[in-house]
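Q: I am new to this structure and would like a close look at a single part of it. Please take one residue and its surroundings, then go on to the aromatic rings and the protein as a whole.

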Amino acid sequence: MLLDTASLYFRAYYGVPDSVKAPDGTPVNAVRGLLDFIARLVQDHHPDDLVACMDFDWRPHWRVELIPSYKAHRVAEETASGPDEEEVPDTLSPQVPVIEAVLDAIGIARVGAAGYEADDVIGTLTGRAAGPVDIVTGDRDLYQLVDDRRGIRVLYPVKGVGTLNVVDEAVLREKYGVDGPGYADLALLRGDPSDGLPGVPGVGEKTAAKLLASFGDLAGIMAAVDDPAAKVTPAQRRRLDEARPYLAVAPKVVRVASDVPLAPFDAALPAAPRDPAGLEELSARWGLGGSLQRLLSSLPA
């Protein structure tokens, strides 16, 4: 089980009231909400391995070089020597180091890499996996990794993690008309305002799906644009032709990396906390109470 950790703690932050506070009055709604999320996931799905995948760089420079608008609207402050600072609610930012410390004390693997997003870590670990993989995320971009043959699916939270949409190839074909790899082509053609991806003007989701159904993938679509006999409308041909500079770089931006260099780590779900004393101290300081106990109770005996 691979967790898109930031996606989940953002959801926890907005789903749990900020009246949930530590003894000193600091909000811990994201911390406690994430612990409850993980407890429910472990209880319901019994993963052997669990990895909290992290954004060490939420807006990698190599993606911005290709498409400068990539996540630009979410930049709070540009940084010359490292990752740009993301616009995050004031009461969420201080909770992230607490989340990291608690996961470390429990012994849940927390994995990231400089210059890469959590999506890229998930893509790399999915590629390495010898068995089935559940990816837990509220980000549809990761639909591109769905692969029934390998048992790779996305668990997409609808309300908390008690209600999850299980996304497999049948779901993708019914809703979007594509398979996993096809979803990446669909996304880059359609664009995504939430990520600052412009897409091809005039090509929405339905048109993109029809083009992919007719020509297979992005390369097939562009071959059809160059073929006067291909059944592409004049407007579509013009729009796609004009979008060539964007379409030449968009695949590298939209498709998750599969070759992220990762330090060795132990992915096994722990049966007991790695640092019991440290965890007890964190629990007392931040008032983690029942949320932490529910997670510890869910661990395999």
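A: **A loop residue and its surroundings**

In this predicted model, D195 is found in the loop that runs between helix α7, residues 180–190, and helix α8, residues 205–215. Although D195 belongs to a loop, its relative accessible area is 7%, and because buried means under 20% relative accessible area, D195 counts as buried. Leaving aside residues up to four places away in sequence, D195 touches S69, Y70, K71, H73, R74 and D141.

Helix α7, which comes before that loop, also leads to the aromatic rings, since Y183 lies in this helix. A search of the whole structure finds seven aromatic pairs, and one of them joins Y143 and Y183. A pair of aromatic rings is described by the distance of the centres and the angle of the planes. For Y143 and Y183 the ring centres are 5.3 Å apart and the planes stand at 65 degrees; because an angle over 60 degrees counts as edge-to-face, this pair is edge-to-face. Y143 lies in the loop between strand β6, residues 133–136, and strand β7, residues 152–159, whereas Y183 is part of α7, so the pair ties together parts that are 40 residues apart in sequence.

Both partners can be judged by the cut-off already applied to D195: Y143 has a relative accessibility of 6% and therefore counts as buried, and Y183, at 1%, counts as buried too. The pair also belongs to a wider group, for ring pairs link Y143, Y156, Y176 and Y183 into a cluster.

Turning to the protein as a whole, there are 13 helices and eight strands, and 50% of the 301 residues count as buried. Among contacts with a separation of 6 or more, 65% are between residues 24 or more positions apart. A compact globule of 301 residues would have a radius of gyration near 19 Å, and the protein has 21 Å, which agrees. Along its principal axes, the C-alpha trace spans about 70 × 40 × 35 Å.

The accessible surface comes to about 14200 Å², and carbon and sulfur atoms account for 52% of that area. As for charge, the protein carries 30 positive and 45 negative side chains, with the centres of the two sets 6 Å apart.

Methods: Residues numbered from 1 in each chain as written. Predicted model: local features only at pLDDT ≥ 70, side-chain atom pairs only at ≥ 80, totals over all residues. Heavy atoms only, no water. Helix = DSSP H or I, 4+ residues; strand = E, 2+ residues; numbered from the N terminus. Rg over C-alpha atoms; globule rule 2.2 N^0.38 Å. Buried < 20%, exposed > 50% of the residue type's maximum accessible area, 1.4 Å probe, protein only. Contact = heavy atoms within 4.5 Å. Areas by Shrake-Rupley, 256 points an atom, 1.4 Å probe, with all protein chains shown as cover. Lys, Arg positive; Asp, Glu negative; His and termini not counted. Charge placed at Lys NZ, Arg CZ, Asp CG, Glu CD. Phe/Tyr/Trp six-rings, centres within 6.5 Å; stacked < 30°, edge-to-face > 60°.
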